[in-house]
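Good morning, everyone, and thank you for making time for this. Please have a look at the model on the screen, and then I will talk you through how its parts meet.

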Amino acid sequence: MVSIQYVADPVAAAEDTVRTILADMADMAASGRRGLVVDSPPGAGKTTLVVRAAITLVEGGERCMIVAQTNNQIDDLVLRLAAEHPTLRIGRLSATEYTAPERLLALPNITIGRRADDLGHADVVLATAAKWATVKEHRWAWAIVDEAYQMRSDMLLLIAGRFDRALFVGDPGQLDPFSIVDTSRWIGLPYDPMQSAVAVVLTQNPELAPPHRLPVSWRLSSSAAPIVSAAFYPFAGFSAATTDGTRRLEFTAAGFGSAVDETLTMAARTGWALHELPARHTLRTDAEAADAAAQIAARLLALGAVGVCERHPGGRDIGPERIAIGVAHRDQADQIRRALARVGAAQITVDTANRLQGREFEVTIMVHPLSGRRDATAFHLEAGRLCVLASRHRQACIVVARAGIADLLDAHPSTEPVHLNVPAKFPDGWEANQAMLAHLADHRVRAL
């Protein structure tokens with residue numbers, strides 16, 4: 001049983017932390033420090049901090065650059081900056097193949113260009129890390145690196161000459177950086193490119209540890225924050241901003257007592273549900289699991305789900321745009337999209353953990369990465385992948401999995417090699433999976 005912890009005044013706690021971070025940024029020039037690291041658990045206000053830090057720098061007479069890892073992340077930050085500060089001069093640096101969404105083109109205070117010289121005297125310039133690596137002729141006093149734990153260290157090396165000081169903001173529990181080439185030759189070496197930007201910064205600058213930590217999740221409810229914190233953030237926990245009863249998942253239509261309806265009832269009552277299929281070894285594209293995920297999503301719409309929360313105390317309909325299904329592999333996502341089309345729910349978002357990272361929904365359904373597998377590989381055991389899938393929701397998370405995952409973990413102990421000079425990562429995938437399975441055992445609905 002995971003104990004529930006609350007912050008007496010979450011608004012004040014979050015504001016105190018942000019003020020401390022901004023004060024430390026103001027002192028960095030005098031102290032000679034070049035970096036500041038902020039850990040942000042899921043839904044803790046990371047984007048809010050990035051925007052506020054950028055505005056504080058601009059108001060202090062500094063121009064700054066913002067670095068993120070994907071074009072979608074950059075576009076979201078541009079829209080947020082433009083919405084909150086309409087007079088801010090924003091530059092959006094892009095690659096040749098980038099096509100700006102219409103919502104960006106409609107904003108008058110945004111300039112989009114392929115070279116830094118095309119952006120004029122923008123107060124804030126935003127681009128992906130890959131794009132910043134091509135900029136050679138400009139330098140900024142400040143850089144704000146968003147999703148810093150997902151940025152590879154070699155990418156940081158490529159752009160470090162573009163700024164004097166940096167604020168690194170990211171979620172240490174999410175997916176690690178990845179590469180499409182074999183990087184085993186560099187493991188354990190000081191210049192291992194697969195280390196995250198934050199890992200390198202902290203290793204080379206020990207005076208920066210421990211990082212600041214945002215203390216409250218505004219996304220995860222009181223039913224979700226304790227288990228996510230315990231399973232994935234055991235040494236730097238966080239609390240939910242809301243208390244019991246603030247959020248409720250309700251249905252406007254009655255169910256028929258099927259296993260799918262029981263699963264949805266469990267999710268509405270407790271915030272979690274494990275829709276457990278019979279134990280069986282399957283292909284990665286398990287048709288039964290895909291159909292189960294699609295049926296649960298379609299039934300959620302058919303029952304007229306309504307979410308009550310602090311934002312919508314009178315309730316708000318949960319349409320397909322507020323539901324997501326998460327998986328480990330792209331072929332699984334394609335399979336579920338076809339299943340959703342068959343049941344008339346094609347508008348529901350389906351994607352991998354990598355692509356769902358950073359997004360938020362009211363209800364999420366996830367196919368467990370270890371469901372139906374004969375082995376427990378490092379990819380499927382990665383704690384960050386499970387953390388992303390289990391932390392996208394505001395109201396409820398439903399896990400679709402075949403029975404036998406605990407037996408799989410016991411029968412296939414880790415055989416990954418141990419490397420010198422590589423810090424052990426905690427929690428590892430075994431611990432995280434066991435913690436989640438223990439929690440879900442009390443929320444199981446067997447689908448016979």
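**Where the two domains meet**

Let me begin at the interface of domain 1 and domain 2, where 6 residue pairs are found in polar contact, with both partners at pLDDT 80 or more. On the side of domain 1 that touches domain 2, the residues sort by class into 9 nonpolar, 4 polar and 3 charged. Salt bridges are another matter, since the count between domain 1 and domain 2 is 0.

I should say clearly that what you are seeing is a predicted model, and that the domain assignment of the chain places domain 1 at residues 10-216 and domain 2 at residues 224-446. To the contact between them, domain 1 gives 16 residues, while domain 2 gives 23 residues. If we take the C-alpha centres of domain 1 and domain 2, we find that they lie 29 Å apart.

How much area do domain 1 and domain 2 bury between them? The value is about 1600 Å², and 57% of that area is on carbon and sulfur atoms. Within the part that domain 1 buries against domain 2, P42, Q174 and L175 supply 35%, which is more than any other three residues supply.

Now let us turn to the cysteines. How many disulfides does the structure hold? The number is 0, and C397 lets us follow the reasoning for one residue. A disulfide would need two cysteine sulfur atoms within 2.5 Å, but the closest cysteine sulfur to that of C397 is in C387, 11 Å away, and therefore too far for a bond. C397 also counts as buried, because its relative accessibility is 0%. C64 is buried as well, with a relative accessible area of 0%.

Notes
Residues numbered from 1 in each chain as written. Predicted model: local features only at pLDDT ≥ 70, side-chain atom pairs only at ≥ 80, totals over all residues. Heavy atoms only, no water. Domains from an automatic or database assignment. Contact = heavy atoms within 4.5 Å. Buried area = accessible area lost by both parts, 1.4 Å probe. Salt bridge = Lys/Arg side-chain N within 4 Å of Asp/Glu carboxyl O. Polar contact = N/O pair within 3.5 Å; in protein donor to acceptor, adjacent residues only side chain to side chain. Nonpolar A, V, L, I, M, F, W, Y, C, P; charged D, E, K, R; others polar. Buried < 20%, exposed > 50% of the residue type's maximum accessible area, 1.4 Å probe, protein only.
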